[in-house]
Structures are given as structure tokens and as C-alpha cells.
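Reader: I'd like a close look at one part of this thing, and then how it sits with the rest. Here's what I have open.

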Protein chains: 2
Amino acid sequence: MDLSPDWVVGFVDGEGCFHVSVNRHPEMKLGFQVLPEFVVVQHSNDRSLLFALKRFFGAGTVRSNHGDRDCLRIRKLDSLQNVCDFFMRHPLKSRKNVDFRKFRQIVLMMLDKKHLNVEGMIEIIDVALEMNSLDRPRLLEVRSALLNG
Amino acid sequence: MDLSPDWVVGFVDGEGCFHVSVNRHPEMKLGFQVLPEFVVVQHSNDRSLLFALKRFFGAGTVRSNHGDRDCLRIRKLDSLQNVCDFFMRHPLKSRKNVDFRKFRQIVLMMLDKKHLNVEGMIEIIDVALEMNSLDRPRLLEVRSALLNG
């Protein structure tokens, strides 16, 4: 199945999610890992659409989500950069575009290795806190842990 | 906001619904009314997308749905014919296309006035029963009421 850029934008305006989480990770220098991901969830009847999107972006993993739903997740930073470049050339029309801009800002900061020091990590968390799709109490907890060293 | 056909297809693949209900209606000859409708629901933050779709199809009504959600409904038969023509020229890529084909069949049968006699109405209900998005017990109840005169 071939997808056109406009179809992808329309579908992602409906079904896509730009998500950033920050998790405890003992092997990371700061003890925390920033995890930006682009996710599309579909009923497993439409799994073929997820594979078509995976081919379109040349990245990601299709897995069972929960129940009868599957999802495509793109997590690799250079792949996310490609996803962001695509949605800069072909802007989302929904309010999801606001979250996307913050998401892209975080991806660029990570490409710039800002997540490897405390100041950068706090800067990333502050951008993430402006997004809709996140676990706010969790981020505030991490932010406070980082500030208190 | 200008929408391209491909964006509309992608968005409706994600967020659109082709729905058929059959309701008791004392003023109708058979006592029942077939109500096909094309519906798109969105968070009210994205109400502008619903108005853009309304302009795109040149039809429909945008209303508050429930809670913080709004919806565009297209119900007029000649407008639904235009919607169906559009999705024949620009096919949906998801499994929603299967329901759409049944929906279109019903719209064409109604344009052909089949819903005005018992045999036609039962034929319409039998097509509707093959769709995902419907109230099956309700349709079976109406079907049996029609058969038993």
C-alpha cells in the first residue's frame, strides 16, 4: 500500500501521538532517560496501515498494544529527526501540531546532547511540561530530583 | 484552512464514521425511518477542522457532541451521495472502506426509494446488518417488526 504525504498528515492528525516520557535508568549518567516517541495505535484489523506507515518513514516497530490494538512506535533519535523533518515540510492541521513543535524541540535538544547534563535535562523537562500528552506529576518529580542533585 | 483530498481520506480513515440507524417514526409510511449519517468527532479545540470538512463537502452541521467533543454530521441524502462519490474517487485505506461500501449501497438504495416499501426496507436492513458501526439488536427488532407486518 502506497501512502501519500497528505494522507499521512491527515491520518496522524487523527491517530498519531507525539509523546515524551522521562524514566529512571541507573545506567544513564544522570540516572534518568528521556524517551521521545512517535506512536500510532490502530485496531489490529488495520495492522497493514501501521506497516505501511513504517515503510513510509523507513523506521519503527509494529507490536501488539493491548487487547485488539496494535501500535507503531518510532523511538530512534535519527528516525525521529526524519519524522520531524517530514512534519515540518507537511504541517499537521490539528492542534496536535502544537505538541509536535514541542516534541521536535526536545528531539533537537537531544541531538544536541543536552539531555546529558542536568541543566539541559531540566530544560528538556520544562519543554515537555508544556505538552498535552505526558505524565505531568512524574515529570515534576524527576525535575525536582534533578534540581536537588 | 484548505484541505486536500488525500488529507481528508487520511483523517477520515482515522476519525470518520459511516453510520446507519433505523428508528421508529410514526409519520413514515412503514412506521420506521432509515437514517444514514457520516460523522466526524473531534475535541472542541479542533472544531475548526470540522468546519473545514463541512466546507470541503459543502454540507453538514457542526454541533457539540458530549463533554468537550464536537461533531460534524452529514445526513441529507444528496449530500451523502456527494460524500460517497468523493470516497469512490479517493478510496479509504483502512478497513473502514468495507463499512463505507455498505453505507454507499444503502444511500443508493434510498435514492432509489427502496426504503419506502417493506421489501426494500428489509433489504436495506440486511445490508446494514453487515456493517460494524450499528445497533444490531435494534435492527433485528425492526426487521422482525416489518416481517410480521
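What is the strand order in the open sheet of chain A, and which pairing does it have?

Author: Quick housekeeping before the sheet. This is a predicted model, where local features need pLDDT of at least 70 and side-chain atom pairs count only at pLDDT 80 or more, while totals for chains, interfaces and linings use all residues. Residues are numbered from 1 along each chain as its sequence is written, and chains are lettered from A and ligands numbered from 1 in the order in which they are written.

Now the sheet: it is open, has 4 strands in the order E1-E2-E4-E3 (chain A), and the pairing is antiparallel. Strands here are DSSP runs of E with at least two residues, helices are runs of H or I with at least four, and both are numbered from the N terminus. Two strands pair if DSSP finds at least two bridges between them. The edges belong to E1 (16-24) and E3 (61-64) of chain A; each has a single partner strand, so one side of each lacks a neighbour in the sheet. From one strand to the next, the twist averages 35°. Further in, E2 (residues 32-43) and E4 (residues 69-74) of chain A run antiparallel and are joined by 6 bridges. Zoom in on A:Val40 and you'll find A:Leu72 in E4(A) as its bridge partner.

Moving on to the helices, H5 (residues 118-128) and H6 (residues 136-147) of chain A have axes that come within 10 Å and cross at roughly 160°. Those axes are lines fitted to C-alpha atoms over the stretch in contact, with angles from 0 to 180 degrees between N-to-C directions. H5(A) and H6(A) are therefore roughly antiparallel, the label for angles over 145 degrees. Where they meet, H5(A) brings A:Val118, A:Met121, A:Ile122, A:Ile125 and A:Ala128, and H6(A) brings A:Leu139, A:Val142, A:Arg143, A:Leu146 and A:Leu147. By class that contact has 9 nonpolar, no polar and 1 charged residues, with Ala, Val, Leu, Ile, Met, Phe, Trp, Tyr, Cys and Pro counted as nonpolar, Asp, Glu, Lys and Arg as charged, and the others, Gly among them, as polar.

Finally, the partner chain. 17 residues of chain A are in contact with 17 residues of chain B, contact meaning C-beta atoms, placed from the backbone, within 7 Å. On chain A's side, helix H1 (residues 5-15) gives the largest share, 9 residues. That side has 6 nonpolar, 5 polar and 6 charged residues. The copies meet through the same surface, because 100% of chain A's interface residues are also interface residues in chain B.

Notes: Two residues are in contact if their C-beta atoms, placed from the backbone, lie within 7 Å. Angles under 35 degrees count as roughly parallel, over 145 as roughly antiparallel, 65 to 115 as roughly perpendicular and the rest as oblique.
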